[in-house]
Amino acid sequence: MATASGAPQPAMDEKARRTRDLLASFYNTDPSAAAAAGAAAPASLARPSPTAAPASPLDSINSTSFDPEIYMNVLVQQSNLEGLLQRHVKMAAEIKNLDTDLQMLVYENYNKFISATDTIKRMKTNIVGMEANMEQLLSKITSVQSKSDTVNTSLFDKRENIEKLHRTRNLLRKVQFIYDLPSRLNKCIKTEAYADAVKFFTGAKPIFEAYGDTSFQDCKKASEEAMDLVIQHLQAKLYSDSEPIEARAEAVVLLKQLNFPVDNLKSNLLEKLEDCLLNLQNEPTQASIGDISKTFRAYLIIFPDSERRLIELAQALFSNRYETVRENLKKRISSTDLLAMLRSLWEDATAIDEVIPEAALPAFSLETTRDIIRQHIATAFLHLQSEISDALVRTNSRPNEKLDESQLQTAMDTSKIKVSQGCIDLLQEFHHLIDGNTELLVKLRDLIIDWIQEGFQDFFQKLDGHFHVLSGRSKSFPQESSALDSVQIDKVPTVLVLILAQLCVYIEQTTIPKVTEELASSFSGGGARSYEYGPPFVPGEICRLYRSSGEKFLHHYINMKTQKISKLLNKRFTTPVWIKHKEPREVNMFVDLLLLEFNGVVSEVKQILPGLIRRHRHSDSTGSTTSSRSNPMREDMLNRSNTHRARSQFLENHLAKLFEQKMEIFTKVEYTQESVISTVLKLCLKSLQEFVRLQTFNRSGFQQIQLDMEFLKSSLKEFVDDEAAISFLLKEVNNAAHERCLDPIPLEPPILDKLINAKLTKIKEQNQNMQ
Amino acid sequence: MQGGSSGIVYGGLKYQARCISDVRADAGSTTFLAGTLSLKEENEVHLIRLSPAESELVCDGLFYHPNEIWDLKSCPFDHRVFSTVYTSGDGYGAAVWKIPEQSGQSNSSQLEQLFELGGHTGKIRRVLWWPLGKHDKLISIDDRNIFLWNIDTSNKSAKLISQGSADMLPNLRGGAWDPHNHNSIAAISDSSLHLWDLRSMDKSIAIEHAHIRDVDYNPKKQNIIATAEDEFGIRLWDLRRLKHPLKDLPGHSHWTWTVRHNPEYDELLLSAGTDSTVNLWLVQVSSNDSGPDSPGSPKRQEEPLLNSYTDYEDSIYGIAWSSHDPSLFASLSYDGRVVLESVKPYLQRK
């Protein structure tokens with residue numbers, strides 16, 4: 001099967017391969033391979049297989065072990081006549097080919113042999129006569145040699161003479177050069193070819209050193225003078241800024257070659273530069289940084305070893321300039337101005353950096369800028385805080401003198417505006433910091449955002465602390481209270497506390513959301529540093545802080561007011577001897593004082609706190625209805641009780657209380673005028689009741705209290721709409737007096753009315769007189 | 001009048017009342033003495049005992065007292081002896097009384113007056129016993145003076161030893177005797193607190209500009225006092241450093257009338273006020289504290305108010321811890337209601 005497809009392939013190469021094999025065997029290059037091939041052939045032949053049969057005779061025919069007998073036999077056995085005939089034709093053609101090939105080879109070899117013989121014949125003829133020529137050559141060469149020797153010996157003396165003469169001539173030339181040197185140098189100076197001059201002079205220098213004191217004295221002096229001139233010129237050249245840098249550098253090199261003390265020059269120059277830089281600091285307009293950087297570059301080239309000094313200079317320059325910026329910070333400059341300064345500094349720094357990168361100016365600038373911006377932010381917050389504080393203190397110092405109507409309100413508004421506008425302004429300021437596209441700011445952006453957020457957090461916390469100090473509540477800030485000495489703390493105006501309370505609410509409800517929003521919209525990002533404690537600005541925390549502070553202030557305000565009134569009441573109730581009280585003739589003066597105080601509270605509160613929101617009126621109304629319904633009943637009871645015994649009165653009061661809804665006196669205070677006013681009122685009336693309970697009254701004393709309370713009842717109506725609680729408390733006072741009275745017989749209603757009307761008309765008259 | 005609270009109510013006082021006192025000398029049970037304040041009726045002193053089942057307060061004795069009682073203190077070493085301060089008309093008096101032997105009768109009986117603390121010219125404010133036990137001295141305070149008495153209950157006699165005058169101070173209001181020092185009391189006036197040395201009757205260090213209503217010594221820790229003030233609520237002080245208070249507690253919505261340390265758990269404070277509430281506070285103070293807290297820290301502290309008992313109809317002027325069972329206290333509101341409450345639920349939370 002292999003042959004069916006493989007047969008045509010070997011048949012194609014058949015001829016070429018055989019020729020090669022034949023040639024190989026002829027030259028016997030590879031007898032072993034041929035032998036192997038021969039050995040293989042009989043092996044395949046030994047196996048009588050029909051498919052291998054036509055190939056085997058072809059293989060074996062070229063081998064050494066070819067056996068014509070077997071070949072013939074196989075051929076005859078396997079092929080028919082036609083096949084045999086074909087093979088015969090083919091074989092005959094092959095034999096013919098082989099014959100021609102052989103003939104060709106023989107012919108070629110013969111030709112070569114012929115030409116070789118010819119060559120040998122020619123060589124034989126040429127070689128004859130060579131020997132004689134050689135001998136002739138030898139004799140000629142010996143004669144040449146002898147002649148040259150004679151010439152050499154005869155010329156030897158003269159040559160030495162010539163050499164001596166040559167040396168003398170050279171020496172003379174040198175001496176001539178030295179004698180010419182001064183004039184030559186002068187010529188050089190004239191043409192400003194200082195380099196040549198220096199070259200000449202240094203060339204002559206050894207000679208001067210050797211013989212300068214003797215033969216060449218004048219010459220040396222003259223040339224040294226010339227050289228001094230050269231040095232002067234070179235120095236001048238070095239110092240003049242107008243010369244090209246290369247020329248100046250060359251001058252330095254030349255000077256150095258002349259062993260001139262260059263270091264002095266260098267330090268002189270650098271000092272000059274320092275002065276120049278100092279001037280720049282003082283009057284920054286005079287020289288641009290470009291010039292400076294150029295100078296730096298020049299000096300670097302001129303004095304390659306001066307780098308360290310230059311770096312120091314540059315650093316000093318920049319640290320000085322940043323110092324001035326820092327100083328400016330104290331004057332509270334705007335962000336844009338600051339930025340402009342910083343930007344120009346940054347640009348300068350980069351400019352210089354190109355010249356001397358080793359000074360690491362950008363890093364230094366970045367560092368310093370960071371510090372400065374941080375400081376700027378901090379001072380901005382500090383200023384805002386002190387401004388707010390100033391505004392508050394100013395308002396609280398004024399109203400003491402004259403209590404104008406809307407003055408408090410305006411004070412409130414200004415402080416509100418101060419806070420919110422201040423925050424917004426601050427944010428806008430900081431916006432500039434962020435918005436700049438300078439490389440510098442981009443690097444710092446995240447940090448700045450962090451600082452701003454941190455700053456706000458800190459600011460609000462500090463402001464809260466400051467509020468506490470202002471309110472006098474917190475005395476635990478000794479470091480801050482030094483500013484407001486203890487005397488001032490003792491008499492903190494109550495108004496201020498109220499303003500603070502309202503301000504806290506305002507900050508919590510308006511400012512902080514605004515700031516938060518603003519921060520979120522334009523100052524997001526940040527987080528350059530990792531915060532274990534969460535984000536730097538936590539509005540929730542601040543809000544909580546202010547809410548609680550606001551409440552504290554509000555309570556503090558109420559507390560202060562009630563304290564004041566309480567003192568008044570204390571005096572009223574502890575001074576007279578109630579048990580020997582005289583018959584009431586008029587409403588007691590303390591009621592006037594009390595009303596005056598209330599008026600004060602009302603006017604303060606009305607100006608500062610937000611107005612009426614009539615929503616709790618509803619909840620109060622239930623109380624009011626019940627108590628008003630019970631009013632006449634209890635009035636009757638009181639009247640009737642004249643005859644009753646006090647014991648039953650006590651029980652009746654309790655019974656009455658049972659049926660009355662429990663009056664909530666101590667409700668939560670809210671940030672409304674009504675809430676605050678009514679709280680103050682309630683607390684004061686409660687105090688009144690307690691004071692009454694501590695005394696023992698006679699009949700007149702009781703009647704006095706009754707009269708005062710009756711008058712208060714009508715007067716207090718205008719202050720509050722929580723009438724129920726007030727009248728309840730007034731009645732409680734009355735009851736307390738009743739209980740503490742040895743002989744509780746109330747005034748007759750007509751007398752009561754008469755006395756009250758008398759008081760009212762008196763007040764009216766007073767008002768008219770005032771007008 | 002029954003409130004919905006957990007407290008045990010004693011409604012036996014028929015009149016208004018201001019003072020209640022724990023009978024410390026009665027070791028066997030929780031007992032209180034309460035005195036009424038009635039101008040026109042015959043006043044009573046009630047001996048109130050917690051029944052053994054701890055379910056109700058029973059009247060263990062009812063005694064008539066000739067005048068209305070403004071102050072009542074039980075003798076700390078004899079459970080049958082107590083002192084009162086009273087008014088009669090426009091006069092004032094103070095006396096020490098003895099409960100008669102046959103107490104326990106349902107009917108009221110007369111008290112035996114051991115002696116009167118005479119000689120006061122002004123309004124008598126308080127009588128103070130040395131709080132922790134047997135001591136032969138007694139103090140009475142009036143507007144202007146502090147009297148120190150040597151008493152002998154068996155001989156029914158009291159001898160005035162020394163007298164201190166308030167001099168330039170405003171009117172005295174009351175005071176407390178230092179349980180750690182026989183010779184020191186804290187006396188409060190209208191605007192200040194002074195420490196008096198009873199040996200020399202000299203006033204020393206003071207808290208100025210404070211409208212103090214009541215003062216109480218810490219029973220366990222020396223030099224710590226609590227004050228109830230108008231401006232600042234309740235404040236705790238270290239007597240060695242009176243510049244700044246150790247602690248500030250908000251107090252009550254109206255006057256904080258009185259403040260008392262628990263005799264056993266000195267971190268527990270009880271205060272009563274005219275806003276008809278009793279507040280229970282938890283305040284940790286170490287007497288070796290290096291100073292007042294740093295400004296920022298109070299915010300981080302937990303809420304000191306443990307509970308506010310609000311189930312009262314009227315102002316509360318009297319509170320007393322039971323020394324027999326320190327987890328109990330009795331409060332007396334002006335309407336004469338005694339309520340016994342337990343602070344156990346709050347103790348466990350500590």
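Leaving aside its neighbours within four places in sequence, Ile189(A) is in contact with Tyr194(A), Ala226(A), Leu229(A), Val230(A) and His233(A). This residue of the predicted model is a convenient place to start, and Ile189(A) itself sits in helix α7 of chain A. Because its relative accessible area is 10%, and buried means under 20%, Ile189(A) counts as buried. One of its contacts, His233(A), lies 44 residues away from Ile189(A) along the chain, yet the C-alpha atoms of the two are separated by 8.6 Å.

## Chain A: helices and their packing

The surroundings of Ile189(A) belong to a chain with 28 helices and 0 strands. Of the 771 residues in chain A, 39% are buried. If one takes the contacts in chain A with a separation of 6 or more, residues 24 or more positions apart account for 80% of them.

Two pairs of helices in this chain can be set side by side. Two packed helices are described by the angle between their axes and the distance between the axes. The table gives these values for each pair.

| Helix pair | Angle | Axis distance |
|---|---|---|
| α7 (residues 130–191) and α8 (residues 194–211) of chain A | about 160° | 9 Å |
| α13 (residues 307–330) and α14 (residues 335–355) of chain A | roughly 175° | within 11 Å |

In the pair of α7(A) and α8(A), the axes are 9 Å apart and the packing angle is about 160°, which means that α7(A) is roughly antiparallel to α8(A). The crossing in which α7(A) passes α8(A) is left-handed. On the side of α7(A), the contact is made by Phe177(A), Ile178(A), Leu181(A), Arg184(A), Leu185(A), Cys188(A) and Ile189(A), while α8(A) contributes Tyr194(A), Asp196(A), Ala197(A), Phe200(A), Phe201(A), Ala204(A), Ile207(A) and Phe208(A). When the residues of this contact of α7(A) with α8(A) are sorted by class, 13 are nonpolar, none is polar and 2 are charged. The buried Ile189(A) is thus met again here, as one of the residues with which α7(A) makes its contact with α8(A).

For the other pair, the axes of α13(A) and α14(A) come within 11 Å and cross at roughly 175°, so α13(A) is roughly antiparallel to α14(A). From α13(A), the residues Ala314(A), Phe318(A), Arg321(A), Tyr322(A), Val325(A), Asn328(A) and Leu329(A) meet a set in α14(A) made up of Leu338(A), Met341(A), Leu342(A), Ser344(A), Leu345(A), Trp346(A), Asp348(A), Ala349(A) and Ile352(A). The contact of α13(A) with α14(A) has 12 nonpolar, 2 polar and 2 charged residues.

## Chain B: an enclosed strand

In chain B the description turns to strands. How many of the residues of strand β3 (residues 31–36) of chain B are buried? The count is 6 of the 6, and therefore β3(B) is largely enclosed by the rest of the structure. Thr31(B), Leu33(B) and Gly35(B) point one way from β3(B), whereas Phe32(B), Ala34(B) and Thr36(B) point the other way, and all are buried.

Strand β2 (residues 17–22) of chain B pairs with β3(B) in the antiparallel sense over 5 bridges, and within this pairing Cys19(B) has Gly35(B) of β3(B) as its bridge partner. Strand β4 (residues 43–50) of chain B also pairs with β3(B) in the antiparallel sense, over 5 bridges, and here the bridge partner of Thr31(B) is Arg49(B) in β4(B). Between β3(B) and β4(B), which form a hairpin, there are 6 residues.

## Chain B: an open sheet and two loops

Elsewhere in chain B, 4 strands make up an open sheet in the order β11-β12-β13-β14, with antiparallel pairing. Its edge strands, each pairing on one side only, are β11 (124–129) and β14 (157–165) of chain B. On average, and with direction ignored, neighbouring strands of this sheet are turned by 20° against each other. The antiparallel strands β11(B) and β12 (residues 137–142) of chain B are joined by 5 bridges, and Val127(B) stands opposite Ser140(B) in β12(B).

Two loop residues of chain B complete the account. Met201(B), in the loop between β17 (193–197) and β18 (202–207) of chain B, has a phi near 55°, a positive value in a residue other than glycine. Met201(B) counts as buried because its relative accessibility is 10%. Ser276(B), in the loop between β24 (268–273) and β25 (278–282) of chain B, has a phi near 60°, which is likewise a positive value in a residue other than glycine. With a relative accessible area of 12%, Ser276(B) is buried.

Technical notes:
Residues are numbered from 1 along each chain as its sequence is written. Chains are lettered from A and ligands numbered from 1 in the order in which they are written. This is a predicted model: local features need pLDDT of at least 70, side-chain atom pairs count only at pLDDT 80 or more; totals for chains, interfaces and linings use all residues. Side-chain values use heavy atoms; hydrogens and water are left out. Axes are lines fitted to C-alpha atoms, for helices over the stretch in contact, and angles run from 0 to 180 degrees between N-to-C directions. Angles under 35 degrees count as roughly parallel, over 145 as roughly antiparallel, 65 to 115 as roughly perpendicular and the rest as oblique. A crossing is left-handed if the near helix is turned anticlockwise from the far one by less than a right angle, and right-handed if clockwise. Contact means heavy atoms within 4.5 Å. Ala, Val, Leu, Ile, Met, Phe, Trp, Tyr, Cys and Pro count as nonpolar, Asp, Glu, Lys and Arg as charged, and the others, Gly among them, as polar. Two strands pair if DSSP finds at least two bridges between them. Buried means under 20% relative accessible area, exposed over 50%, partly exposed in between (1.4 Å probe, protein chains only).
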